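Student: I would like to go through a protein model and learn how to reason about its side chains and backbone. Can we take it in questions and answers?

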Amino acid sequence: MEKISIKGGKPLFGQVKISGSKNSSLAILASCLLTDKKISIYGVPKLTDTFFFLELLSSFGVKVEGLKNFKNVDKFVLSAKKITNFNAPYNLVKKMRASILVLGPLLARTGKATVSLPGGCSIGLRPVDIHLKSLEKLGARISIEKGYINAVAPKGLRGNKIIFPKVSVGATVNVLMASVLAKGTTEIYNVAKEPEIEDLGLCLKSMGAKIDGLGTSKITVDGVSKLKETSHRVMFDRIEAGTYALAVAIAGGEIELIGAKKKLLTFFLNILESIGVEYIVTDKSIIFKKRSNSLNPVDIITEPYPGFPTDLQAQLMAVMSMSNGTSVITENIFENRFMHAPELIRMGAKIKLKGNLAIVEGVKKLKGAEVMATDLRASVSLVLAGLAAEGTTNIDRIYHIDRGYQDIVKKLQICGANINRIEV
Ligand code: EPZ
């Protein structure tokens, strides 16, 4: 069993190469199911989530060039020439909820798909009702039996007008991919505007899909019968970049994030400036520097893009636990995304939880402690706290962190942090 051990108190100086976006990669890898042509994807981050997803695609009969050398390749060539299996089993889906993203493309390409209900996770129930109702609007017949989603569309999918009751990244991904091969036009209203959706859309358009409105809340798709081969480089991971920017906020110092782009972080950069981190944009990076020794409090509400991303909420809470005032954090996306709070409190943070509100009263010092990761972003908020805490912090269940942060220990060691993986 491994833990991450951090001896806090060292500021960060150096460069971090930001990896490709996990969430964009998962959607774009799924798009290979839409065609029998080869899709070459560059910049997929080397994470347990992306590895599992490639394994899942292989289980459908997709040839994945590069999988055997997963850690060392920058390009994966996916060829779904012949789909031999239409079932995403529970044992794979439970390891990686994003497996639900194969439902739309499998259904659109083959007319059938059986995908295990992903079930909830520690941050919430994570229902998929919007995915299913929308696919039914496209003509799919869907039933739920023994924990599995059985979807059929023997005559193929037909374009329709779909209005999402709430913004859902996953439902937008599934329905966008399904509509690409549907007969006729699909109009999808109230879609997610996350940059990862735009990245997927650009990849689909490079395959010959007819999509309008990417980046807006209404997307129009004119279905096509076939897609062609393409090559696509995945965008940078804006959540990884935001995480390292917040690492400078809490630990101090100055780091250059190679590959980070201001355009996709604007709202977050304003928050960083208000708490006391300045940044300089270069043509290939963004340099973050802590302005002074103190951090200002800030109130945030997590919202769909371009609002404050829920995936940076845990990291900001760790930083605000050392501000010189009180911050109010409202989590509006997931119903149980404060699991990091009790662990931060064990390190001396002063946090009161009231429903979806966290009131964080800044303290002068956090103390190193034995803590436990509960989910991907909670785990990295404990790393941030450990970087600044007095003494040593040991973080257990770090398999969570390996799901979303490629080489995080190495990247922080290069910037001078006293951080190691230890065998326990
Ligand atoms: C995606 O999850 C991301 N995962 C999440 O990142 C991210 O936090 C989330 O979007 C919000 O930005 C991937 O892209 C693989 P949603 P997703 O559908 O698609 C409710 C990380 O840390 N909802 O936008 O599951 C849902 O319960 C992960 O990288 C329904 O009610 O999120 C939530 O309250 C965590 N019915 C809200 O919508 C549905 O059918 C937003 O969820 C679907 C969602």
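What follows is a set of questions and answers on this predicted model.

Student: How many salt bridges does the structure hold?

Tutor: Side chains of opposite charge can pair when their charged atoms come close. A pair counts here when the nitrogen and the carboxyl oxygen are within 4 Å. The number of salt bridges in the structure is 16.

Student: Is E196, which meets R238 in a salt bridge, buried or exposed?

Tutor: The N to O distance between E196 and R238 is 2.7 Å. E196 sits in helix α7 and R238 in helix α8, 42 residues apart, so the pair links distant parts of the chain. R238 has 8% relative accessibility and counts as buried. Buried means under 20%, and E196 has a relative accessible area of 8%, so E196 is buried.

Student: Which parts of the chain does the salt bridge between R421 and D402 tie together?

Tutor: The side chains of R421 and D402 meet at 2.6 Å, N to O. The two residues are 19 apart in sequence. R421 lies in one element and D402 in another, so the parts tied together are strand β24 and helix α13.

Student: Which residues do salt bridges that share partners join into one network?

Tutor: R421 and D402 form one salt bridge. R421 counts as partly exposed, at 32% relative accessibility. The network joins E2, D402 and R421.

Student: Which residues gather in the patch of positive charge on the surface?

Tutor: Lys and Arg count as positive. One of the patch residues, K183, lies in the loop between α6 and β11. K183 has a relative accessible area of 53%, and exposed means over 50%, so K183 is exposed. The residues of the patch are R141, K155, R158 and K183.

Student: What is the phi of D407?

Tutor: Most residues other than glycine have a negative phi. D407 is not a glycine, yet its phi is positive. D407 is found in the loop between α13 and α14, and is partly exposed at 35%. Its phi is about 55°.

Student: Where is R126, another residue with a positive phi, found?

Tutor: Phi of R126 is near 50°. R126 counts as partly exposed at 23% relative accessibility. R126 is found in the loop between β7 and α5.

Student: What is omega for the peptide bond that joins Y305 and P306?

Tutor: Most peptide bonds are trans. The bond between Y305 and P306 is cis, and P306 lies in the loop between β18 and α10. Omega is about 10°.

Terms used
Residues numbered from 1 in each chain as written. Predicted model: local features only at pLDDT ≥ 70, side-chain atom pairs only at ≥ 80, totals over all residues. Heavy atoms only, no water. Patch = residues over 30% accessible without salt bridge, like charges linked within 9 Å, V, L, I, M, F, W, Y side chains within 5 Å. Areas by Shrake-Rupley, 256 points an atom, 1.4 Å probe, with all protein chains shown as cover. Charge placed at Lys NZ, Arg CZ, Asp CG, Glu CD. Helix = DSSP H or I, 4+ residues; strand = E, 2+ residues; numbered from the N terminus. Buried < 20%, exposed > 50% of the residue type's maximum accessible area, 1.4 Å probe, protein only.
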